[in-house]
Amino acid sequence: MPFFKKEEKQPTPPTEMDQLRHSVIDSGMPPEMEQATLKEVERIAKMGPGSAEHTIGINYIDYLTHLPWNHASEDSLDLQAAKQILDSEHEGLSEIKNRVLEHLAVKILQAGRRYNMLVVDDEKITRKNLKHVLTKEGYAVATAADGLKAMGLLENQVFDVVITDLKMEKVDGMQVLETAKQKNPDTEVIVITGYATVPAAVSAMQKGSYHFLAKPLKLDEIRTTVRNALSRKHTRWENRGPVLCFAGPPGTGKTSLGLSIAKSMHRQYVRISLAGMKDEAQLRGHRRSYVGALPGRIIQEIRRCETNNPVFMLDELDKISQDFKGDPAAALLEVLDPQQNTHFMDHYLDLPFDLSQVMFIATANTVDAIPGALLDRLEVLWLSGYTEQEKVRIAFNHLIPKETEANGLDNQLVSFSRQAMVKIIREYTREAGLRGLQRQIASLCRKIALNQIDHQRTGDELMVTDESVAGFLGPRRYAFEVTQAKDRIGVATGLAWTHTGGEIVFIEATKMRGSNQLILTGSLGTVMKESAQAAMSYIRSHVDTFAIPEAFFEEHDIHIHIPAGAIPKDGTSAGVAIAVALLSVITGLPCRREAAMTGELTLTGRILPVSGIKEKLLAAHRAGVQTVILPAKNVVDLVEIPDDIQQGLNIVPIEEMSQAIGLVLKNNLSKAG
Ligand code: ADP
């Protein structure tokens, strides 16, 4: 017995409860949830209107009815337009843009493809009618008069949907179902059944058929069932691919790229930051029994954007708080995994919501902190940072127009010289991305705005030149640390890879009277400490080669320090640089400061490859390094290095520690600082 009949005439004006019932029915929720919600409405109706529970109940139903259960925005399937939007808003990043365009291309092909149907029935009239209806819907339809013929067709052809009668001579519908699923698990099978075979149809559904249609067949029912079967198949295809995860240093365009993707597909855009999220309830909501309970952020954002297929950015996936209450990976897997996200359970809703149409994109600075189970679902695309030339181009094409407009300046009147921009990049920022640069340009624009108003010069043209930059932005913040300092004994230039991109680090070693102690400071992690010990052992085992006096180690302590002492550092890639710094301090030969190194050192002096080569080379170039020494096995990584960086650096691949020593240690003590 239904709880409410749609057609029933209301003799009196509708009550609050009637309106609630109407809104439940109009909300477009799936039938099972509609039933459950209507039951809840009846429960609330029985409570006194003054009670707190009544109000909570009404708010709950109101929330449910305002969710976009079946409201999706229509995807734009225009590849050229999408490409144009992506290109106009982001410079470069071709790999990522292509990946997005591939995704769209697949959708377009799927949308334009003619679906193949197979109709199996021993009644000629049913075959004929079904073929007629389905052909009119635009599908390609093959027919088979018995199960055996159907098996033959299934052998040679792939069908999207098979519609089969259950009761047939020799080979029945059940066998057709089994063969179809065996040949291609993606084929959806709909069984047709007379009254007598309904229990059999139910058991066919348990074996994987999509639905059953009872005879006599109704045209509308056939059309809708086939369409729904195809749409389920579609969703499964779309979600088979992993979720994209943009990884890279801050300010490289990860978040803004998500916005462009949404625009290019004509989808809504929503974003939540996972940084510091502490409690599963923030994602999944609180149960209604809590006072002031609310849904989690996922459902809140879906409701806000009013469609169930937005582009949904999960920002800073690697920054979920360490002391997360509950299991962050499990909660996020339920959101991201297509097997699970068709029935995402928010505690407040207490009903499953289908998130399978949402296009989730995650962002992260590094992927080390992302739990393995989650990482498996992600396709990580790296954005490593920009070269100086790219930054200048992006500044002129994007950042300056954006910031002049945002600060009320006239784009035609205010301009920047190229040298001014290079100066801002070199002397006021030190970063892989563009955040700092955008901030400096914004600050400059604000100062110009103030100046113009103060001096009533709003109509004047103004060119920011390299001489005027300091007047606006104050004294420079950064110097070229490498080229503007002297070569020193015991200070080697290393290249590191952190979550903010590549960085130059100066590894310092010093010796003092003592008794063979190795002191390590600078918040070094276990792996890095071990690399320092390995470097020391390498040197001690080669005292003859380096002409180190026998008693040196017994009479000295050695201290290795890596500045920026408060920042934890770890990893194997500093091995070579540590060994060079040690050898420099032991032998008294200064290190060439403009030669930067990266590479893992083995006890026998071999050099092993390391990661983050692109980020490290970009950092070396930014800091004015001339020579980069890297493991020979990393030469393969050079293909992704922009030409201007390769040409601006002397890149030397090495296999043995002795090569690094020959390149970096200067055989001339008089030059020591
Ligand atoms: P992230 O999310 O990686 O920290 P954002 O998306 O916030 O970076 O980008 C910072 C700023 O730099 C934004 O204004 C963005 O539009 C701009 N930006 C980043 N990369 C590009 C690019 N390739 N082309 C144009 N603008 C860019």
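Biologist: Which exposed residues does H19 carry on the face turned away from its buried side?

Modeller: This is a predicted model, and helix H19 covers residues 466-473. Its buried residues are Val469, Phe472 and Leu473. Seen down the axis of H19, these buried residues fall within an arc of 75°, so they line one face of the helix. The face turned away from that buried side carries the exposed residues Glu467 and Gly471.

Biologist: Nice! What covers the buried residues of H19?

Modeller: We are looking for what lies over Val469, Phe472 and Leu473, the buried residues of H19. The cover includes two helices and a strand: H17 (418-428), H18 (435-454) and S14 (462-464).

Biologist: Which residue follows H19, and what is its phi?

Modeller: H19 runs over residues 466-473. Next comes Gly474, and its phi is positive, near 80°.

Biologist: Let's turn to strand S1. Which residues stand opposite Val120 in S2 and S3?

Modeller: S1 (residues 116-120) has four of its five residues buried. It pairs in the parallel sense with S2 over five bridges, and with S3 in the parallel sense over four bridges. Opposite Val120 stand Ala144 in S2 and Thr164 in S3.

Biologist: Which helix belongs to the β-α-β unit with S1 and S2, and is the unit right-handed or left-handed?

Modeller: The two strands, S1 and S2, pair in the parallel sense. The helix that joins them in the unit is H6 (residues 124-136), and the β-α-β unit is right-handed.

Biologist: Last one: over which residues does pLDDT stay under 50?

Modeller: The chain averages a pLDDT of 86, and 95% of the residues score at least 70. The stretch where pLDDT stays under 50 is residues 668-673.

Methods
Residues numbered from 1 in each chain as written. Predicted model: local features only at pLDDT ≥ 70, side-chain atom pairs only at ≥ 80, totals over all residues. Heavy atoms only, no water. Buried < 20%, exposed > 50% of the residue type's maximum accessible area, 1.4 Å probe, protein only. Arc of directions from axis to C-beta. Contact = heavy atoms within 4.5 Å. pLDDT = per-residue confidence, 0-100. Pairing = 2+ DSSP bridges. Right-handed = clockwise from strand over helix to strand, strands pointing away.
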